[in-house]
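Trainee: I am new to this structure and would like a close look at a single part of it. Could you take me through one helix and its surroundings, beginning with the protein as a whole?

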Amino acid sequence: MNHTKSNWDDPISEFQHAMDAASEKLRRQLEDLEPYCGSEALKFAVQAGYQPQMAYSVIETARYTGVSPSTLYAENKAGRLPFKTIGSRNALIRVVDVDKWMEGRSDGR
């Protein structure tokens, strides 16, 4: 007669195993994002499917931040989020500026 316990006999061990596996998966995902030099904005952009770059259009920035383009334009007009203008119609927002802007917003500014 075999007296070994199955995973169903020990739900706590099964739960711990599942948590360990999930923790390891999350650790690997975070390591994959590490090359982005600590930039939260760049991490968001890459997670949204954009290639890593130094600046994105207003529309792209709106998509990866979840902030509407009109809010981004208002923040620019208020002097809180600088744009780099190319020609008369195209504006780019540098990732470093989005990082600074997000930090300011999280401080309640």
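**Helix α3 and its surroundings**

Mentor: Of the 109 residues of the protein, 25% count as buried, and please keep in mind throughout that this is a predicted model. The protein has five helices and three strands, which follow one another along the sequence in the pattern α-α-β-α-α-β-β-α. Among contacts in the protein with a separation of 6 or more, 40% are accounted for by residues 24 or more positions apart.

The part to look at is α3, whose buried residues are Val-58, Thr-61, Ala-62 and Tyr-64. An α-helix has 3.6 residues a turn, so residues three or four places apart point the same way. Just after α3 comes Gly-66, which takes a positive phi of about 80°.

Beyond that glycine lies helix α4, residues 69-77, and α3 packs with α4 at an angle of about 110°, their axes being 9 Å apart. Because angles from 65 to 115 degrees count as roughly perpendicular, α3 is roughly perpendicular to α4, and the crossing of α3 and α4 is right-handed. On the α3 side of this contact are Val-58, Ile-59, Thr-61 and Ala-62, and they meet Pro-69, Leu-72 and Tyr-73 in α4. The residues of the contact of α3 with α4 comprise six that are nonpolar and one that is polar, with no charged residue.

A charged residue can nevertheless be found elsewhere in helix α4, namely Glu-75. Glu-75 has a relative accessible area of 9%, and since buried means under 20%, Glu-75 is buried. Leaving aside neighbours within four places in sequence, Glu-75 is in contact with Arg-80, Leu-81, Trp-101 and Arg-105.

The wider setting is the largest nonpolar core, which has 17 residues, and those with the most contacts inside this core are Tyr-56, Tyr-64, Leu-72, Phe-83 and Ile-93. The elements giving two or more residues to this core are α2 (40-47), α3 (58-65), β3 (90-94) and α5 (95-106). Ile-93 connects the core with the helix we began from: not counting residues up to four places away in sequence, Ile-93 touches Val-58 and Thr-61, and also, among others, Met-54, Leu-72, Leu-81, Phe-83 and Val-98.

Finally, α2 can be read in the way we read α3, for in α2 the buried residues include Ala-41, Leu-42, Lys-43 and Ala-45. Just after α2, Gly-49 takes a positive phi of about 100°, as Gly-66 does, at about 80°, just after α3.

Conventions:
Residues numbered from 1 in each chain as written. Predicted model: local features only at pLDDT ≥ 70, side-chain atom pairs only at ≥ 80, totals over all residues. Heavy atoms only, no water. Core = buried A, V, L, I, M, F, W, Y, C linked by side-chain atoms within 4.5 Å. Buried < 20%, exposed > 50% of the residue type's maximum accessible area, 1.4 Å probe, protein only. Helix = DSSP H or I, 4+ residues; strand = E, 2+ residues; numbered from the N terminus. Contact = heavy atoms within 4.5 Å. Axes fitted to C-alpha atoms, helices over the stretch in contact; angles between N-to-C directions. Parallel < 35°, antiparallel > 145°, perpendicular 65-115°, else oblique. Left-handed = near helix turned anticlockwise from the far one by under 90°.
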